[in-house]
Amino acid sequence: MSFQDKIVWITGASSGIGEALTYELNKQGAKVIISSRRQKALQKVKTSCLQASKVHIIPLDLTKTEELPSKAEEAISHWGAVDYLFNNGGISQRSEAINTQMNVIRQVMEINFFGTVALTKAVLPSMIERKSGHIVVTSSVMGKFGTRLRSSYAASKHALHGYFDSLRQEVYDKNIDVSLVCPGFIKTNVTKNALEGDGSKHNKMGAGQEKGMAADEFAQKLIPKIKQGKEEIYIGGKEIWGVYLKRFFPRLLNKILRNAKVT
Ligand SMILES: NC(=O)c1ccc[n+]([C@@H]2O[C@H](COP(=O)([O-])OP(=O)(O)OC[C@H]3O[C@@H](n4cnc5c(N)ncnc54)[C@H](OP(=O)(O)O)[C@@H]3O)[C@@H](O)[C@H]2O)c1
């Protein structure tokens with residue numbers, strides 16, 4: 001399988017993982033539609049691409065779910081289809097559950113869960129009609145277990161697994177693949193951009209992200225797994241072991257995380 005001339009829509013493409021995926025897929029010949037809120041940042045990503053003429057910008061805000069059907073129409077009509085939808089846009093959270101306001105919990109869910117679901121629902125009918133498509137969702141290792149200071153974020157990522165595991169079964173006979181991607185620590189601004197309990201921006205680089213895998217290396221590792229149609233993908237450092245510990249030794253993982261320094 002090759003990405004040559006495949007039509008790929010990536011959300012959260014203005015920075016970090018989405019930006020790196022844009023460069024890599026564009027290099028591999030894909031036609032890429034890039035989305036997020038910040039149009040200027042998207043323009044910068046487009047001009048940094050090797051084949052900028054094969055990049056189209058559609059600004060969107062994942063919290064404005066009522067606008068997503070028309071964004072999907074625009075995306076589908078631009079090159080006639082969407083072969084791959086990379087639901088990657090998201091936001092993290094850094095605050096104890098007790099100190100996190102309900103509106104912040106809802107905002108994290110709106111972006112990471114409801115926005116992702118709404119965009120998928122807007123694109124899905126066209127994939128079903130063509131009997132072809134691949135939906136990729138950036139979850140996290142926090143979609144497989146939780147740690148302190150990330151209760152809402154972990155909840156939003158766990159919710160994605162329930163939803164997209166179910167969807168995968170419903171669209172199997174329609175020739176549509178669903179991949180859930182669980183990155184470990186990837187060196188991006190995700191922690192800087194995270195919300196604190198009162199909704200303010202955390203503004204500090206995460207210690208894990210600081211030492212994490214480079215986003216371009218992550219993209220290079222991810223794409224072959226997407227080509228293979230993997231259902232669930234773990235990429236990162238030793239934090240990935242948490243996924244297996246949770247599965248086989250959950251009490252041990254709980255003990256380790258209880259005593260771990262988390263930032
Ligand atoms: N880096 C890690 O260690 C790590 C680990 C596990 C999972 N992840 C996941 O990876 C994905 C990408 O994150 P990243 O690490 O690349 O962080 P990032 O650099 O902060 O990127 C987040 C992206 O999401 C977009 N976004 C945020 N809120 C949005 C909204 N309301 N509507 C539309 N787009 C929005 C941002 O663009 P605008 O500001 O332009 O809207 C940006 O492009 C996220 O889903 C994150 O949870 C990251």
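Student: Which residues have the most contacts inside the largest nonpolar core?

Tutor: Those are W9, V82, I135 and F164, and the core they sit in has 35 residues. Keep in mind that this is a predicted model.

Student: Okay! Which helices and strands each supply at least two residues of that core?

Tutor: Three strands do: β1 (7-11), β5 (133-138) and β6 (176-183). The helices are α3 (68-79), α4 (102-130) and α5 (151-171).

Student: And which one gives the most?

Tutor: That would be α4, with 11 residues in this core.

Student: You mentioned I135. What does I135 touch, if I skip residues up to four places away in sequence?

Tutor: Quite a list: L85, N87, T120, L124, M127, F164, L167, I176, D177, V178 and S179. You can spot F164 there, which is also among the core residues with the most contacts.

Student: How many residues are in the second core?

Tutor: The second core has 30 residues and is separate. Among them are F3, A20, L42 and C49.

Student: Let's go back to β1. Why is β1 described as largely enclosed by the rest of the structure?

Tutor: Because five of its five residues are buried. Buried here means under 20% relative accessible area.

Student: Which residues point which way from β1?

Tutor: I7, W9 and T11 point one way, while V8 and I10 point the other way. Residues on both sides are buried.

Student: So what about its partners? In what sense do β1 and β2 pair, and over how many bridges?

Tutor: They pair in the parallel sense, over five bridges, with β2 covering residues 31-35. If you want a spot to look at, find W9, which stands opposite I33 in β2.

Student: Found it. What do β1, α1 and β2 make together?

Tutor: A right-handed β-α-β unit, in which helix α1 covers residues 16-27.

Student: How many bridges join β1 to β4?

Tutor: Three, and these two strands run parallel, with β4 spanning residues 84-87. Here the pair to look for is I10 opposite F86.

Student: New topic: the ligand. Which residues come nearest to the ligand?

Tutor: S14, S15, R37, Y153 and T188 come nearest, out of 30 residues around it.

Student: What polar backbone atoms are at 2.8 Å from the ligand?

Tutor: A polar backbone atom of I17 is 2.8 Å from an oxygen atom of the ligand. L62 has a backbone N or O atom 2.8 Å from a nitrogen atom of the ligand. You can add G184, where a backbone N or O atom lies 3.2 Å from a ligand oxygen atom.

Student: Cool. I also clicked on S140. Where does S140 lie?

Tutor: In the loop between β5 and α5.

Student: Is S140 buried or exposed?

Tutor: S140 is buried, with a relative accessible area of 6%. Its side chain reaches the backbone nitrogen of M142 at 2.8 Å.

Student: What else is S140 in contact with, leaving aside neighbours within four places in sequence?

Tutor: Y153, K157, H161, V181, C182 and P183. Y153 has come up before, as one of the residues that come nearest to the ligand.

Student: There's another serine, S126. What does the side chain of S126 reach?

Tutor: The backbone oxygen of V123, at 2.8 Å. S126 lies in helix α4, and at 16% relative accessibility it counts as buried.

Student: Now L50. Is L50 buried or exposed?

Tutor: L50 counts as exposed, at 69% relative accessibility. You'll find L50 in the loop between α2 (39-48) and β3 (55-57).

Student: What does L50 touch, apart from residues up to four places away in sequence?

Tutor: N26 and K27. L50 and K27 are 23 residues apart along the chain, yet their C-alpha atoms are separated by 6.3 Å.

Student: Last one: which residues other than glycine have a positive phi value?

Tutor: Two to look at are D5, with phi near 60°, and N203, with phi near 65°. D5 is in the segment before β1, and at 39% relative accessibility D5 counts as partly exposed. N203 is in the loop between β7 (186-187) and α6 (207-210), and N203 is exposed at 52% relative accessible area.

Methods: Residues are numbered from 1 along each chain as its sequence is written. This is a predicted model: local features need pLDDT of at least 70, side-chain atom pairs count only at pLDDT 80 or more; totals for chains, interfaces and linings use all residues. Side-chain values use heavy atoms; hydrogens and water are left out. A nonpolar core is a set of buried Ala, Val, Leu, Ile, Met, Phe, Trp, Tyr and Cys residues joined through side-chain atoms within 4.5 Å. Buried means under 20% relative accessible area, exposed over 50%, partly exposed in between (1.4 Å probe, protein chains only). Helices (H or I, at least four residues) and strands (E, at least two) are DSSP runs, numbered from the N terminus. Contact means heavy atoms within 4.5 Å. Two strands pair if DSSP finds at least two bridges between them. A crossover is right-handed if, with the strands pointing away from the viewer, the path from the first strand over the helix to the second runs clockwise. A residue is near a molecule or strand if one of its heavy atoms lies within 4 Å of it. A polar contact is a pair of N or O atoms within 3.5 Å; within protein, one must be able to donate a hydrogen and the other to accept it, and residues adjacent in sequence count only if both atoms are side-chain atoms.
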